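Student: Please take me through the ligand site in this model. I would like one close look, with the cut-offs stated.

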Amino acid sequence: MHAAVAVAQSPTDPLSGLVLQDVPKPEPRPGWSLVRVAASSLNMHDLWTLRGVGHAPEDLPRVLGCDAAGHDEDGTPVVVYPVIATPDRGRGDETHDPQRALLSEKHDGAFAEWLQVPTRNLLPLPDSLSLDDAACLPVAWGTAYRMLTTQAGVRAGDRVMVQGAGGGVASAAIKLALAMGAVVYATSRSADKLTQAESWGARGIESGGRLPEKADVVIETVGEATWSHSLKALRPGGTVVVAGATSGMNPPADLGRVFYLQQRILGSTGCTLVEFQELLRMVEATGVRPVVDRALPLDEIHKGFQLMADGNLVGKIVIHPKETP
Ligand SMILES: NC(=O)c1ccc[n+]([C@@H]2O[C@H](COP(=O)([O-])OP(=O)(O)OC[C@H]3O[C@@H](n4cnc5c(N)ncnc54)[C@H](OP(=O)(O)O)[C@@H]3O)[C@@H](O)[C@H]2O)c1
């Protein structure tokens, strides 16, 4: 089967290490199930792997792709929960399992016609959801859902600021927070992306700009470029939830502000299987849907990653695998 495989890592030219090649279909193993992938989607995580961040070189070659929707061996439409982990090792929360692995870290991922995952990771596709939309949910939307709910405890009427409106996680956080009844401020460097966020119901704020009121919650995935603004925009006692740092990991800590204003800073990674089930029910119940920038065939995956690396996209890029004739 045809697949997009990470064969090398480079901090400066990450896409040179991604090759399209034929690989064997996964061999059946007990407790795991095969999925015929109908759609996957791109994540910054794939680019970090290709840059050599958070992925050991000895774990190459590896089929990339953390998100998948498709059909199980009985032909039932499914969406794949992307964290391979054991809740018991995480004291009931698999995102706390020290041995957890996101799909494509320790096991081959979804940029291929066939994928194999633990059977517990297969969830029925909600009736009203398309396979393309479902393929956008596992990583970006699962992460945003946990940030807003379990971590920040967002309630209707809360003021939520989301940094970097165009991002996969950020666009998910904006749409989910709006569906939860929050007042949402979305920041972006791009006027076009602000206009799009406003069309979803958010209030657009130029990156670093002053909000008309302080935020109860800030959703941060941009990192160094926005961190200082995130702390300044937060009310005393408010919460920043951070799940990523695309622009850099080490902004000034501003400890005086943090303790004097009693700000809460919470890290967040992925979501649990139960949270992902809740997300699927919420999507079904509210009709909220992911923002799909475009869908591309697997052969054009490099073009999709270049758009992501350049920040020239809004929401998610869907990838359709090549079927064996
Ligand atoms: N912890 C987890 O479980 C988890 C899960 C998913 C993702 N992540 C991480 O979260 C981050 C975002 O992931 P993603 O998939 O949503 O990526 P993405 O779709 O590429 O979004 C990144 C967004 O960050 C903003 N941005 C980038 N560089 C910036 C800069 N220099 N200044 C201001 N804004 C900048 C851009 O927003 P504008 O263009 O609108 O300004 C961009 O749309 C990544 O670092 C990823 O690794 C973590």
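Tutor: Here is the ligand site, from the shell to the polar contacts.

This is a predicted model, in which local features need pLDDT of at least 70, side-chain atom pairs count only at pLDDT 80 or more, and totals for chains, interfaces and linings use all residues. Residues are numbered from 1 along each chain as its sequence is written, and side-chain values use heavy atoms, leaving out hydrogens and water.

The ligand is surrounded by 25 residues; a residue counts as near if one of its heavy atoms lies within 4 Å. W48, G168, S188, K193 and A243 are the closest. By class, the shell has ten nonpolar, 13 polar and two charged residues. Ala, Val, Leu, Ile, Met, Phe, Trp, Tyr, Cys and Pro count as nonpolar, Asp, Glu, Lys and Arg as charged, and the others, Gly among them, as polar.

Two domains contribute. Domain 1 (2-136 + 290-320) and domain 2 (141-267) each give the shell at least three residues; their bounds come from an automatic or database domain assignment. Helices α1 (44-51), α3 (137-151) and α4 (168-179) each supply at least two. Helices here are DSSP runs (H or I, at least four residues), numbered from the N terminus.

Now the polar contacts, pairs of N or O atoms within 3.5 Å. The side chain of W48 places an N or O atom 2.7 Å from a ligand oxygen. A backbone N or O atom of G168 is 2.7 Å from an oxygen of the ligand. For M44, a polar backbone atom lies 3.5 Å from a ligand oxygen. Taken alone, the ligand exposes 900 Å², and the protein buries 87% of that (Shrake-Rupley method, 1.4 Å probe).

Conventions: Polar contact = N/O pair within 3.5 Å; in protein donor to acceptor, adjacent residues only side chain to side chain.
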